[in-house]
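Q: Please zoom in on one part of this model for me, the aromatic side chains, and then work outward from there. I'd like one connected story rather than a list.

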Amino acid sequence: MTTKTVGDIVAALEAAYPPELAESWDQVGLICGDPDEPVHKVAFALDCTMSVVERALEEGADMLVVHHPLLLRGVHSVAANTPKGKVVHTLIRGGCALFAAHTNADSARPGVNDKLAELVGIRPGRPIRPVGDVDVDTPGALERATGLGRVGTLPEPMTLREFTQRVADALPETVWGVRAAGDPEQMVCTVAVSSGSGDSFLDDARALGVDVYVTSDLRHHPVDEHLRAGGPAVIDTAHWASEFPWTQQAEGIVNPLGVETCIIPVRTDPWTVSAHPNQAK
């Protein structure tokens, strides 16, 4: 079999997650590495932290594929004595390329949101916010459209309490778990999901008339105002937990190319302690 190159891996990933689907503010694609260099092993992770890079190099990876871009905001230095610079230098010295598929992977079909939808128990239907113009008069057009978020229906209704537990059981475990806002005994059936930070879609979830909205990084005031405005119940997961399962999907795109693959299991969720009052005071 012909040896694959960084460029070959990039081409396969960009075919699955077209760069034009990325939000205008996003920075996706090859971050460092030579497209002509050979690749024998590709590692996958959500974040390009130093611990992830060290693990990828220990695994002998020639390329690391992540969801969150390392250099999303402008930088003026990648000196080795800066946090991001140290990561870049370590990758280059280790001969490991770095590639990011971010909001393009969120919007693609299948993409990050499809994986999240399947995990919580719904068939991924229409996006919450479709990309481009969609002919709503064409049967199935919305269900095939790319875009951020997904909407679907549970096979059987259940209470918000039960569904929150289902979400917690389905996603990778984090220290602080999963929380919900709404009546715990409310029956829910129609579900919207948006991987990662999704409070910008609270109004969309209300307009779509779903029973519950699953996302991450929710804040007090937006959720309070959303509920008082008659919005659906919300479930707040750890950002890392809602997106890490995507690594399996991305690995499945690259594995058929004939290179070795591995998922870096490092939990990059930053929260390390969760505490509740001691009831035995």
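A: Let's start with phenylalanine 244, which counts as buried because its relative accessibility is 13%, with the cut-off for buried set at under 20%. Keep in mind that we're looking at a predicted model. Tryptophan 240 is buried as well, with a relative accessible area of 7%.

How many aromatic pairs turn up? The count comes to 2. One of them joins tyrosine 17 to tryptophan 246 in a tilted arrangement, with 6.1 Å from centre to centre and 50° between the planes. Tyrosine 17 sits in the loop between helix 1 (6–16) and strand 2 (29–32), while tryptophan 246 belongs to helix 11 (residues 246–254), so this pair ties together parts that are 229 residues apart in sequence. Tyrosine 17 and tryptophan 246 are both buried. Tryptophan 240 and phenylalanine 244 form a pair too, and this one is stacked, at 4.9 Å centre to centre and 25° between the planes.

From there, on to the open space. The largest pocket has a volume of about 900 Å³. Its lining counts 39 residues, and His68, Leu72, His102, Ser197 and His239 are the ones nearest the centre. If you're thinking about chemistry, the lining of the largest pocket splits into 15 nonpolar, 12 polar and 12 charged residues. Helix 10 (239–243) supplies at least two of the lining residues, and so do helix 3 (83–93), helix 4 (103–107) and strand 11 (187–197). Strand 11 gives the most, with 4 residues.

Strand 11 also leads us into a sheet. This is an open sheet of 5 strands in the order 9-11-12-13-10, with mixed pairing. Strand 9 (150–159) and strand 10 (179–181) each have a single partner strand, so one side of each is left without a neighbour in the sheet. On average, and ignoring direction, neighbouring strands here are turned by 25° against each other. At the strand 10 edge, the pairing with strand 13 (residues 233–237) is antiparallel and runs over 3 bridges. Alanine 180, for example, stands opposite isoleucine 235 in strand 13.

Now back to strand 2, which we met beside the tyrosine 17 loop. Strand 2 is part of an open sheet of 5 strands with mixed pairing, ordered 2-6-5-4-14. Strand 2 and strand 14 (260–263) are its edge strands, each pairing on one side only. Strand 2 pairs with strand 6 (residues 97–100) in the antiparallel sense, over 3 bridges. Within that pairing, leucine 30 has phenylalanine 99 in strand 6 as its bridge partner.

The second largest pocket is worth a look as well, at about 150 Å³. Cys32 and Ala97 are among its lining residues, as are Val6, Asp34, Glu37 and Asp62. By class, that lining has 7 nonpolar, 2 polar and 3 charged residues.

One last stop is helix 5 (residues 112–120), where 7 of the 9 residues are buried, so the helix is largely enclosed by the rest of the structure. The buried set in helix 5 includes Asn113, Asp114 and Lys115 along with Val112 and Leu116. Right after helix 5 comes glycine 121, with a positive phi near 105°.

Terms used. Residues are numbered from 1 along each chain as its sequence is written. This is a predicted model: local features need pLDDT of at least 70, side-chain atom pairs count only at pLDDT 80 or more; totals for chains, interfaces and linings use all residues. Side-chain values use heavy atoms; hydrogens and water are left out. Rings of Phe, Tyr and Trp (its six-membered ring) pair if their centres lie within 6.5 Å; planes under 30 degrees apart count as stacked, over 60 as edge-to-face and the rest as tilted. Buried means under 20% relative accessible area, exposed over 50%, partly exposed in between (1.4 Å probe, protein chains only). On a 1 Å grid over the protein atoms alone, a cavity is a set of points where a 1.4 Å probe fits but cannot get out, and a pocket is an open set with protein on both sides within 12 Å along at least five of seven lines; lining residues have an atom within 4 Å of a point. Grid points are joined across faces, edges and corners, and a volume is the space filled by probe spheres set on the points. Ala, Val, Leu, Ile, Met, Phe, Trp, Tyr, Cys and Pro count as nonpolar, Asp, Glu, Lys and Arg as charged, and the others, Gly among them, as polar. Two strands pair if DSSP finds at least two bridges between them. Axes are lines fitted to C-alpha atoms, for helices over the stretch in contact, and angles run from 0 to 180 degrees between N-to-C directions.
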